[in-house]
Amino acid sequence: MFDLNDLREAARLVHASVPATAQYAWPRLAERLGCEVWVKHENHAPTGAFKVRGGLLYVQWLQAQKPQVRGLVTATRGNHGQSMALAARKAGLPIIIVVPQGNSREKNAAMRALGAELIEYGVDFDQSREEAARQAQMHGYEMVPSFHPQLVRGVATYALELFDAVQNLDCVYVPIGMGSGICGLIQARNLLGLSTEIVGVVSSAADAFASSFEQGRIVTTATADTFADGMACRIPVPEAFNLVYQHAARIVRVSDEEVAQAMRIYHEDTHNTAEGAGAAGLAALIQERDRQQGRKVAVILSGANIDRQRYAQVLAGD
């Protein structure tokens, strides 16, 4: 996919626009869980999520490959869209973003504020992706996928930061949506020659990746009905699945209730906001706390973009 020199060059390019995010070992989490817990704070990125890294790198690469590109189209539940909208604005390109009906109002507002033309279409991401392809053909714009080697190379820079900053990690828990986050983590781990265990996390209500991992083939689901919209995947991308299947230790399912509890714990123990997918890694660690006793573990807080009303409900325990 890319080598270590490519990854370090990606970090140089990304850091020109996105400062490295922090990783902290939180004492209250360690006290609660019986292990050393490092949190990689991608919620502190400029768009509030890790995806911004991939968008910037992808658009730079695309303009070098296709200088004639006139505009971009993509589908998203929000964080990928904000990433692409920011990158398109920096590149001076128009962008159309298709989101499912009923998508997060605040994520939608953030994408519009970054200059995107927003279209609401379909009941889930996969239907939005079909409409995005139609829009790209109609306008003569470039269709941006949710998974691409350059997107992975960009987001892998968060993993490089984590592994450079924290030595001898035993395990890292990372949420899985379309797969760029976990694939970037796997590739960085492999390139650095580390033995750190990588555990993917999915919603029990959107467990296509987990079922595929267990059966050794792509398995799709009819629905992905979880409030953790960053993990609402029904159809795994084959390239992502192949890398995860070969190199991840396992995939853990977490319920919406476990995710909500992890969001409350993040607020209580670290005073950080986590969206549903952002809290999934911690939810999985809580579920597996017995097997991690005394170990050095990291969790990826991948994003903080949750609507205020929904977050208030979660904090209130509703």
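**View 1. Tyr158 and its ring partner Phe50.** In this predicted model, Tyr158 is buried, because its relative accessible area is 0% and a residue counts as buried when that value is under 20%. Phe50, with 11% relative accessibility, counts as buried by the cut-off of under 20% as well. The structure holds 5 aromatic pairs, and one of them joins these residues: the ring centres of Phe50 and Tyr158 lie 6.0 Å apart with their planes at 75°, so the pair is edge-to-face. Phe50 belongs to the loop between β2 (36-41) and α3 (52-65), while Tyr158 belongs to helix α7, so this pair ties together parts that are 108 residues apart in sequence.

**View 2. The aromatic pair of Tyr24 and Trp26.** Among the 5 aromatic pairs of the structure is the one formed by Tyr24 and Trp26, which is edge-to-face, with 5.7 Å from centre to centre and 85° between the planes. Tyr24 has a relative accessibility of 41% and therefore counts as partly exposed, since that class lies between the cut-offs of 20% and 50%.

**View 3. A cluster of aromatic rings.** Here Phe213, Phe241 and Tyr245 are shown together, linked into a cluster by ring pairs.

**View 4. Asn168 in the loop after α7.** Asn168 sits in the loop between α7 (149-165) and β7 (171-175), and its phi is near 60°, a positive value in a residue other than glycine. To see why such a value deserves a view of its own, recall that most residues other than glycine have a negative phi. The relative accessibility of Asn168 is 68%, so this residue counts as exposed, the cut-off for that class being over 50%.

**View 5. His271 in the loop between two helices.** His271 is placed in the loop between α11 (256-270) and α12 (276-287), and the phi of this residue, near 55°, is again a positive value in a residue other than glycine. With a relative accessibility of 66%, His271 counts as exposed, because this value is over 50%.

**View 6. The annotated domain, residues 25-303.** An unreviewed UniProt entry carries the annotation "domain: Tryptophan synthase beta chain-like PALP", which covers residues 25-303. Over residues 25-303 the chain of the predicted model is 47% helix and 16% strand, and the C-alpha atoms at the two ends are 18 Å apart.

Note on methods:
Residues numbered from 1 in each chain as written. Predicted model: local features only at pLDDT ≥ 70, side-chain atom pairs only at ≥ 80, totals over all residues. Heavy atoms only, no water. UniProt positions renumbered as here; feature names shortened; annotations may be inferred. Helix = DSSP H or I, 4+ residues; strand = E, 2+ residues; numbered from the N terminus. Buried < 20%, exposed > 50% of the residue type's maximum accessible area, 1.4 Å probe, protein only. Phe/Tyr/Trp six-rings, centres within 6.5 Å; stacked < 30°, edge-to-face > 60°.
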